[in-house]
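Open the model in your viewer and keep the selection panel at hand. Each stop below gives a selection and then what is found there.

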Amino acid sequence: MEILPRQATEPVDQRKGAPMNQVEIMEFVNKNPAFSLATCADNVPHVRMMAVAFADSRGIIFSTGRDKDVCKQIRANPRIEMCFYCVKDEIQLRIAATAVETDDVQLKKDIVEKFDFLKPWIDAEGYDILATFRIKDAAVTTWTMAEGDKPKEYVSLTNL
Ligand SMILES: Cc1cc2nc3c(=O)[nH]c(=O)nc-3n(C[C@H](O)[C@H](O)[C@H](O)COP(=O)(O)O)c2cc1C
């Protein structure tokens, strides 16, 4: 039997058994932008909630404050893991990756435009206070309530 590639428009819950493809992963991240971000510096793990700013042709982008612990930890060790969860579909999606800091001022402007609560802070401190990261070498694995005992499969995000 020929196995056809799954279409990105097929609802995720009709694809039980197959890992998400790269388009579906980007869609999932856009629909569920809040994630737990794990860092590890000096062999000590840390985790906290973050939000993806953009997941599109610019890559998967998040930002934080230059003076926050999370920023210092990523600078010390850029290997991170991001953990997303969709309550409705009961899907957990994890991205293990390397965070790459970017000083693209236009990207920072786009972030401040999107998250306008940042504006007073940026007006007071300037764009340098905002640390912006994109990810590379990303390996993605999902877990669902329905298929909890399934062996892990990893999908590389090759366009980042
Ligand atoms: C849903 C959610 C999204 C968040 N998104 C961000 C974010 O994108 N960037 C950020 O710096 N802090 C964000 N925070 C706040 C951080 O979790 C908080 O500042 C945390 O203390 C940073 O980690 P650290 O203490 O290790 O530096 C978010 C919090 C929540 C609950």
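Two strands pair if DSSP finds at least two bridges between them. With that in mind, select Y85: its opposite number in β5 is Q92. This is a predicted model, so start with the pairing and then check the confidence.

**Stop 1: β4 and β5**

Extend the selection to residues 79–86, strand β4, and residues 91–102, strand β5. The two run antiparallel and are joined by eight bridges. They form a hairpin, with four residues between the strands. Pick E90 in that turn; its phi is positive, about 55 degrees.

**Stop 2: β5 and β6**

Keep β5 and add β6, which is residues 130–144. β5 and β6 are antiparallel too, with eleven bridges between them. For one of the pairs, select T102 and T132: T132 in β6 is the bridge partner of T102.

Stay on β6 and pick D137. D137 is not a glycine, yet its phi is positive, at about 50 degrees. Is D137 buried or exposed? It counts as partly exposed, because 14 C-beta neighbours lie inside 10 Å.

**Stop 3: the nonpolar core**

Now select I25, V29 and I135. These have the most contacts inside the largest nonpolar core, a set of 31 residues. Strand β6 supplies the largest share of this core, six residues. In soluble globular proteins, nonpolar side chains tend to be buried together.

Which residues does I25 touch, leaving out those up to four places away in sequence? Show M20, L93, V140, V155 and L157.

**Stop 4: P19**

Go to P19, in the segment before α1 (22–31). P19 is partly exposed, because 16 other C-beta atoms lie within 10 Å of its own. Add T142, E153 and V155, which P19 touches once residues up to four places away in sequence are set aside. Then draw a C-alpha distance from P19 to Y154. The two are 135 residues apart along the chain, but the separation is 8.0 Å.

**Stop 5: β1, β2 and β3**

Select residues 34–41 for β1 and residues 44–56 for β2. They run antiparallel, joined by eight bridges. Pick A41 and V44: A41 stands opposite V44 in β2. The hairpin has two residues between the strands.

Click through that loop. D42 takes a positive phi near 50 degrees. N43 lies in the loop between β1 and β2 and has a positive phi of about 65 degrees, although N43 is not a glycine. Why does N43 count as exposed? It has 6 C-beta neighbours inside 10 Å, and a residue with 12 or fewer is exposed.

Next, add residues 59–65, which form β3. β2 and β3 pair in the antiparallel sense over four bridges. A hairpin of two residues joins β2 to β3. Select F54 and I61 to see one pair: I61 in β3 is the bridge partner of F54.

**Stop 6: H46**

Return to β2 and pick H46. H46 is exposed, because 12 other C-beta atoms lie within 10 Å. Beyond residues up to four places away in sequence, H46 touches T39 and Q73. Check the second contact with a C-alpha distance: H46 and Q73 are 8.8 Å apart in space and 27 residues apart in sequence.

**Stop 7: the ligand**

Display the ligand and the 13 residues around it. Which of them come nearest? Select M49, T64, K68, D69 and V70.

Now colour the shell by element. β2, β3 and α2 (69–76) each supply at least two of its residues. The largest share, five residues, comes from β2. Recolour by class: the shell has six nonpolar, four polar and three charged residues.

**Stop 8: confidence**

Finally, colour the protein by pLDDT. The mean is 91, and 89% of the residues reach 70 or more. Select residues 1–8, where the pLDDT is below 50. Beyond near neighbours in sequence, this stretch has six contacts in the model. Where pLDDT is low, the predicted coordinates should not be read in detail.

Note on methods:
Residues are numbered from 1 along each chain as its sequence is written. This is a predicted model: local features need pLDDT of at least 70, side-chain atom pairs count only at pLDDT 80 or more; totals for chains, interfaces and linings use all residues. A residue is near a molecule or strand if its C-beta atom, placed from the backbone, lies within 6 Å of it. Ala, Val, Leu, Ile, Met, Phe, Trp, Tyr, Cys and Pro count as nonpolar, Asp, Glu, Lys and Arg as charged, and the others, Gly among them, as polar. A nonpolar core is a set of buried Ala, Val, Leu, Ile, Met, Phe, Trp, Tyr and Cys residues joined through C-beta atoms within 7 Å. A residue is buried if 20 or more other C-beta atoms lie within 10 Å of its own, exposed if 12 or fewer, and partly exposed in between; C-beta atoms are placed from the backbone. Two residues are in contact if their C-beta atoms, placed from the backbone, lie within 7 Å. pLDDT is the predictor's confidence in each residue, from 0 to 100.
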